[in-house]
Amino acid sequence: MMTRMKPTHSLEIKELLKFADRNFRSERGKFLFQEGMVAEELYIILSGKIQISKITSDGRELSLRICGANDICGELTLFTDNPKYLLSAKVLEEGEIVAIKKDVIESEIFQDSKLAFEFMKWMSDHFRKTQTKFRDLVLNGKRGALFSTLIRMSNSYGIHNDHEILIDLPLTNQELANFCGTSRESTNRILSELKKDNIIAVKKGKISILDLQYLKDEIGCENCPAVYCNIE
């Protein structure tokens, strides 16, 4: 069982694992939960990857983050009456998941002030990341949204080689477009321009960033710490 903490986590995952109701294996393509379902559990990802997304009124998908090992999802339903999941959680990569009953974790937070403080601190970090992501999507247009997403992905899954950063996350252009809130056609066009200008390269379905500074300069990057500028 993994207990290594991520830089963004002030919340000790091992403290929450004590309240686990069940463990199970996730299956690629299946959902942990979907938007509108009755919310009864909070989930801790021990291994694998889970995509958190929102379906818009016109049927488009907006991908918000990817949860990996030691991430939490389903947390937005805590302390609400008749809760329903606000987002959907789809399995991108199978792994091990721990489920905790919503009423159990709420009770423990009420009784344990240290746990309550740590959870509030974790939620604050989570909201800060979400706010900066939406800021980039709204203020920087289609190109800026894609540039920002590539920068965030490089911080989360980047492998630094000699003169490039390999984003070690295979994504289709449609999946990448979902993270940017744009169409696949727009994403295809912008990626083609970036490849032509030698800003990026694409090999075996994975993107390598050849000129990270160009992407940062184009969106007026404020060089936020990587612990906030990511897609996790």
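1. A residue is called buried when its relative accessible area is under 20%, exposed when that area is over 50%, and partly exposed in between. V227 has a relative accessibility of 27%, so V227 counts as partly exposed. This residue sits in the segment after helix 7 (212–218). Its C-alpha atom and that of K129 are separated by 8.5 Å, while the two residues are 98 apart along the chain. Please keep in mind, as you read on, that this is a predicted model.

2. A good place to begin the tour is the interior. The largest nonpolar core has 45 residues, and L32, I50 and L150 are those with the most contacts inside it. Helix 4 (residues 141–157) gives the largest share of this core, namely seven residues. Another core, of 17 residues, lies apart from it, with F19, L46, L78 and M123 among its members. As general background, nonpolar side chains in soluble globular proteins tend to be buried together.

3. To see the surroundings of one core residue, try L32. Leaving aside neighbours within four places in sequence, L32 is in contact with F24, Y43, I45, I50, C73, A89 and I97. I50 is worth picking out in that list, since I50 also belongs to the residues with the most contacts inside the largest core.

4. Next, helix 2, which covers residues 102–111. Which of its residues are buried? They are K102, I105, E106 and I109. Looking down the axis of helix 2, you will find these buried residues within an arc of 100 degrees, so they line one face of the helix. D103 and Q111, on the other side of helix 2, are exposed.

5. A polar residue with little accessible surface deserves a look too: S208, in strand 12 (residues 206–209). Its relative accessibility is 2%, so S208 counts as buried. Not counting residues up to four places away in sequence, S208 touches E164, I165, L166, I199, I200 and A201.

6. Now to the charged pairs. The count of salt bridges comes to eight. One of these joins the side chains of K49 and E93, with 3.5 Å from N to O. K49 belongs to strand 4 (residues 49–55) and E93 to strand 7 (residues 88–93), so this pair ties together parts that are 44 residues apart in sequence. Is K49 buried or exposed? K49 counts as buried, because its relative accessibility is 17% and the cut-off for buried is under 20%. Its partner E93 is partly exposed, at a relative accessible area of 39%.

7. Helix 6 (residues 184–196) holds another pair, E193 and R189, four residues apart, or about one turn of the helix. They form a salt bridge in which the closest N and O atoms are 3.6 Å apart. Both partners count as partly exposed: E193 has a relative accessibility of 31%, and R189 has one of 42%. The story goes on from there, as salt bridges that share partners join R143, R189 and E193 into one network.

8. A further salt bridge links R184 with E185, and here the closest N and O atoms are 3.9 Å apart. R184 is partly exposed, with 41% relative accessible area.

9. Turning to the surface, which residues make a nonpolar patch? L76, L86 and F127 do, and the patch they form is about 260 Å². F127 is placed in helix 3 (residues 113–139). With 39% relative accessibility, F127 counts as partly exposed.

10. Finally, two asparagines deserve a look at their backbone. N82 is not a glycine, yet its phi is positive, at about 45 degrees. You can find N82 in the loop between strand 6 (71–73) and strand 7. N82 counts as exposed, because its relative accessibility is 73%. N198, also not a glycine, has a positive phi of about 60 degrees. This one is in the loop between helix 6 and strand 11 (200–203). N198 is exposed, with a relative accessible area of 55%.

Notes:
Residues numbered from 1 in each chain as written. Predicted model: local features only at pLDDT ≥ 70, side-chain atom pairs only at ≥ 80, totals over all residues. Heavy atoms only, no water. Buried < 20%, exposed > 50% of the residue type's maximum accessible area, 1.4 Å probe, protein only. Arc of directions from axis to C-beta. Patch = residues over 30% accessible without salt bridge, like charges linked within 9 Å, V, L, I, M, F, W, Y side chains within 5 Å. Areas by Shrake-Rupley, 256 points an atom, 1.4 Å probe, with all protein chains shown as cover. Salt bridge = Lys/Arg side-chain N within 4 Å of Asp/Glu carboxyl O. Core = buried A, V, L, I, M, F, W, Y, C linked by side-chain atoms within 4.5 Å. Contact = heavy atoms within 4.5 Å.
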